[in-house]
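Colleague: Please give me a close look at a single part of this model and its surroundings. I would like one connected account, with the terms explained along the way.

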Amino acid sequence: MVGSIEAKSLQSNGSVHHNGLNLEEKLDEFRRLLGKSDKDPLRIVSVGAGAWGSVFAALLQESYGGFRDKFQIRIWRRAGRAVDRATAEHLFEVINSREDILRRLIRRCAYLKYVEARLGDRTLYADEILKDGFCLNMVDTPLCPLKVVTNLQEAVWDADIVVNGLPSTETREVFEEISKYWKERITVPIIISLSKGIETALEPVPHIITPTKMIHQATGVPIDNVLYLGGPNIAAEIYNKEYANARICGAAKWRKPLAKFLRQPHFIVWDNSDLVTHEVMGGLKNVYAIGAGMVAALTKESATSKSVYFAHCTSEMIFITHLLAEEPEKLAGPLLADTYVTLLKGRNAWYGQMLAKGEINRDMGDSISGKGMIQGVSAVGAFYQLLSQSSLSILPSEEKKPVAPVESCPILKTLYKILITREQSTQAILQALRDETLNDPRDRIEIAQSHAFYRPSLLGQP
């Protein structure tokens, strides 16, 4: 097992010591906090097998998988997703380019099926290749082998920690199903959500529902046990041990010990109490990343145009968070870095680029083969629907009558017309970038900060 080999080798050279503890000591400390007995392993399940969910599970497997009596991790994904012939051929090329992967598959007697799939003599399935360490949305980055379960009840019924790696559009449905299997539970699980996106509800008053709220509503798990993990992370780069950091946000009871447990020498996890800002920003960055991809493609990667876009979109993000949080954390440090890397590189930016280049079209939907769900598309619709409600109207400076908040967000409005109503082409994003009002982006920020914009009702609060 890869996890076993790496855990032992790291222990021998002492490099796993972090904050004075080695891996086993960190695991034992966290197990004690959960009240685990010596013969009762810590059980973690990752629900959903997209790129980030799969990498997150693989990182934990590589860190703690060698301690088999104390730690178990598995990943759930739906069965039946076939790997198309082109992907199978590419997968075969990846395997043969990596001697370590090739040898591993031969030892596991798994290589022949990839040969047959390349020849078109066999159909591979996504859950099948995941067991060998291949995520369908990230074929170029082989992972360690993972224990894959396709039965949701089997996967979650006794889990101590559940990692939500699902798109926000699937989170509620799957966790409503999970709640059926937890009716007889005595202990309350911890849930870490990696999902970025929101739902909008208009009754009884317009408000948003973030993935952590969806999980809380669907399962009844106390909100203090539901946390959000986010940061400037590109999944494949993190798995390749490029230095990265993230924040786990939520109640202090669990976020501090989880930050310590999840932290690795190349993946630093901090903790933060501002769940609202981080989770909302997680959804917003995907919205604006699509526009960033369009601008990059339409201007042939003009650094000037991309920087102008960055100034305008971040001012809109700050404006929106001041509606949703009384004292939102400033868009700086890791929050700003998370926005920057998503606009720079990621599936949503890629989607915007491909649309602008004409290499994909909007009729293909927002689930793209080899990339997975483009969560920014649904988030555009949700944020626009929320911020266009007349009941939320505000009075910006120099305006004579109240206007819906979305009127102060020209980029969001344009993305809605491009992606949702399809009444404009991708070229329209450049017009929004030029901003006919000639307003300095700082004006938008000052309006948000100087007016009583905070609306507790937008988060479903009284």
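Modeller: What follows starts from one strand and works outwards to the sheet, then to the empty space beside it.

This is a predicted model, in which local features need pLDDT of at least 70 and side-chain atom pairs count only at pLDDT 80 or more, while totals for chains, interfaces and linings use all residues. Residues are numbered from 1 along each chain as its sequence is written, and side-chain values use heavy atoms, with hydrogens and water left out.

The part is strand β8, residues 226-230. Helices (H or I, at least four residues) and strands (E, at least two) are DSSP runs, numbered from the N terminus. Five of the five residues of β8 are buried, where buried means under 20% relative accessible area, exposed over 50% and partly exposed in between (1.4 Å probe, protein chains only). One face of the strand carries Val226, Tyr228 and Gly230, the other Leu227 and Leu229, and both faces are covered.

β8 has β5 (residues 190-193) as a parallel partner, joined by three bridges. It also has β9 (residues 244-249) as an antiparallel partner, again through three bridges. Two strands pair if DSSP finds at least two bridges between them. Strands of a sheet pair through backbone hydrogen bonds, either parallel or antiparallel. Tyrosine 228 shows both pairings: serine 193 stands opposite it, and in β9 its bridge partner is cysteine 249.

The wider setting is an open sheet of eight strands in the order β3-β2-β1-β4-β5-β8-β9-β10, with mixed pairing. β3 (148-149) and β10 (267-272) are the edge strands; each has a single partner strand, so one side of each lacks a neighbour in the sheet. Elsewhere in the sheet, β1 (residues 42-47) and β2 (residues 71-76) run parallel, with six bridges between them, and isoleucine 44 stands opposite isoleucine 73 in β2. Helix α3 (residues 51-64) packs on the sheet and touches β8 along with β1, β2, β4 (161-164) and β10. Contact means heavy atoms within 4.5 Å. The direction of α3 makes about 160° with that of β2; axes are lines fitted to C-alpha atoms, for helices over the stretch in contact, and angles run from 0 to 180 degrees between N-to-C directions.

Tyrosine 228 also leads to the empty space. A search of the whole structure finds two cavities of 30 Å³ or more. On a 1 Å grid over the protein atoms alone, a cavity is a set of points where a 1.4 Å probe fits but cannot get out, and lining residues have an atom within 4 Å of a point. Grid points are joined across faces, edges and corners, and a volume is the space filled by probe spheres set on the points. The largest cavity holds about 60 Å³. Its lining includes Tyr228 and Gly230, together with Gly231, Pro232, Ala246, Arg247, His278, Pro334, Leu335 and Asp338. β8, β9 and α15 each supply at least two of the lining residues, and α15 gives the largest share, three residues. By class, five lining residues are nonpolar, three polar and two charged. Here Ala, Val, Leu, Ile, Met, Phe, Trp, Tyr, Cys and Pro count as nonpolar, Asp, Glu, Lys and Arg as charged, and the others, Gly among them, as polar.

Technical notes
1 Å grid on protein atoms, 1.4 Å probe; cavity = no way out; pocket = protein on both sides within 12 Å on 5 of 7 lines; lining within 4 Å.
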